[in-house]
Amino acid sequence: MAALPPESVASLNLVTATAVLIVFVLLVDPATMAGIMPDGTSLLALKNVVSADLTDVLSNWNSSDPTPCHWHGVACNTLPGFAYPRVVSISLSGLNLSGTIPPEFLANPSGGALDQLRRLSLHHNLFSGPLPSLLFSAAPALRNVFLQNNLFSGQVPPGLGLLPFLQNLDLSRNRLSGPIPDTLADCSQLQHLSLAGNSLSGYIPDGLGANLTLLQELDLSDNNLSGPIPADFGNLTGLQTMLNLSYNHLSGSIPESLGKLQFTVIMDFSHNNLSGKIPQEGSLANQGPGPFIGNPALCGFPLSRPCPAA
């Protein structure tokens, strides 16, 4: 058999090397084997239940893609310990999307979990239905959750307490009901918390003031909350901008301990059932009458209603 010329041998070696490389990629790259990386599987669970996408923003969420990292509203990052980029942010706000949040969105039983997700931003849409209990427990890396101005109903999931790195939580302006879960006190890294504009009821749970010492803003206004203002709210010395408890059914006196809050904090206790003399300690003495109006049984400065003589 005649020997191949040198140029033919070189071509054969190149073809062989290319074939070996292709086989290697198929063996080690799970995204190539599965058609799409696992994070994409979970994202497609969300797309499948979106009942209205008027601006067609999810049109490039395609199951034939090996990675979702270029999909609209999706951001990925290369993280230590992973062979491929992971989804770290989903931002689909203000797009008039409607539908429900499926339980398998963050934990897909068919394979795929967004366990490295840091940011979930679906605010100012028309999403409805309950927030599944698994929604947050399956994504322990979450730092920021913005779901405000939707139509979500049901209770605030207790699973939020399983997010040790949570810094910002906004569920305001929805249709949520039931109690504020006491597990929120376990989110010790929280800096901004807003549950305003829902139909939450019951007492404000103990422990929020004692444990959420990094909180800079707290808004529980416009709900159906009852009972006293927790005295441990005076421990929220990290508050910088707002403590808003207005438009509820809170009763009892205003705790003197709130005077320990910073003077920059705008407080609002208006339109409740609070009673007694308004304390004049610390930053409480820095408030005008506005934060206290709508409480017929409150008295003393800065209101014009004097307290009855002892």
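1. Start with Arg-86 and Asp-115. In this predicted model, their side chains meet in a salt bridge, at 2.7 Å from N to O. The pair links distant parts of the chain. Arg-86 sits in strand 3, and Asp-115 in the loop between strand 4 (98-100) and strand 5. They are 29 residues apart. Side chains of opposite charge can pair when their charged atoms come close.

2. Are the two partners buried or exposed? Arg-86 has a relative accessible area of 5%. Buried means under 20%, so Arg-86 counts as buried. Asp-115 has 28% relative accessibility and counts as partly exposed.

3. Arg-86 also forms a salt bridge with Asp-39. Here the closest N and O atoms are 2.9 Å apart. This pair, too, links distant parts of the chain: Asp-39 belongs to helix 3, Arg-86 to strand 3, and their positions lie 47 residues apart in the numbering. Both Asp-39 and Arg-86 are buried.

4. The structure holds 3 salt bridges. Asp-222 and Arg-173 form one of them, with their closest N and O atoms 3.1 Å apart. Asp-222 lies in the loop between strand 13 (217-219) and strand 14 (224-227). Arg-173 lies in the loop between strand 9 (168-170) and strand 10 (175-178). The pair therefore ties together parts that are 49 residues apart in sequence. Asp-222 is partly exposed, at 36% relative accessibility. Arg-173 is partly exposed, at 36% relative accessibility. Which residues do shared partners join into one network? They are Asp-39, Arg-86 and Asp-115.

5. Now the strand that carries Arg-86. Strand 3 covers residues 86-91, and 5 of its 6 residues are buried. It is therefore largely enclosed by the rest of the structure.

6. Strand 3 pairs with two strands described here. Strand 2 (residues 74-77) runs antiparallel to strand 3, and 4 bridges join them. Strand 5 (residues 119-121) pairs with strand 3 in the parallel sense, over 3 bridges. Ser-89 is a useful marker. It is the bridge partner of Ala-75, and it stands opposite Arg-119 in strand 5. Strands of a sheet pair through backbone hydrogen bonds, either parallel or antiparallel.

7. Step back to the whole sheet. It is open, has 9 strands and shows mixed pairing. What is the strand order? It is 2-3-5-7-9-11-13-15-17. Strand 2 and strand 17 (266-268) stand at the edges, each with a single partner strand. One side of each is therefore left without a neighbour in the sheet. On average, neighbouring strands of this sheet are turned by 15° against each other, direction ignored.

8. The largest nonpolar core has 71 residues. Which residues have the most contacts inside it? They are Ile-90, Phe-233, Leu-243 and Phe-269. Helix 3 (38-49), strand 3 and helix 4 (134-137) are the elements that give two or more residues to this core. Helix 3 gives the largest share, 3 residues.

9. Phe-269 deserves a look of its own. Neighbours within four places in sequence are left aside here. Its contacts then include Ile-229, Leu-243, Leu-245, Ile-254, Leu-258, Leu-274 and Leu-284. Phe-269 is also in contact with Ser-246, Pro-291, Phe-292 and Asn-295.

Technical notes:
Residues numbered from 1 in each chain as written. Predicted model: local features only at pLDDT ≥ 70, side-chain atom pairs only at ≥ 80, totals over all residues. Heavy atoms only, no water. Buried < 20%, exposed > 50% of the residue type's maximum accessible area, 1.4 Å probe, protein only. Helix = DSSP H or I, 4+ residues; strand = E, 2+ residues; numbered from the N terminus. Pairing = 2+ DSSP bridges. Core = buried A, V, L, I, M, F, W, Y, C linked by side-chain atoms within 4.5 Å. Contact = heavy atoms within 4.5 Å. Salt bridge = Lys/Arg side-chain N within 4 Å of Asp/Glu carboxyl O. Axes fitted to C-alpha atoms, helices over the stretch in contact; angles between N-to-C directions.
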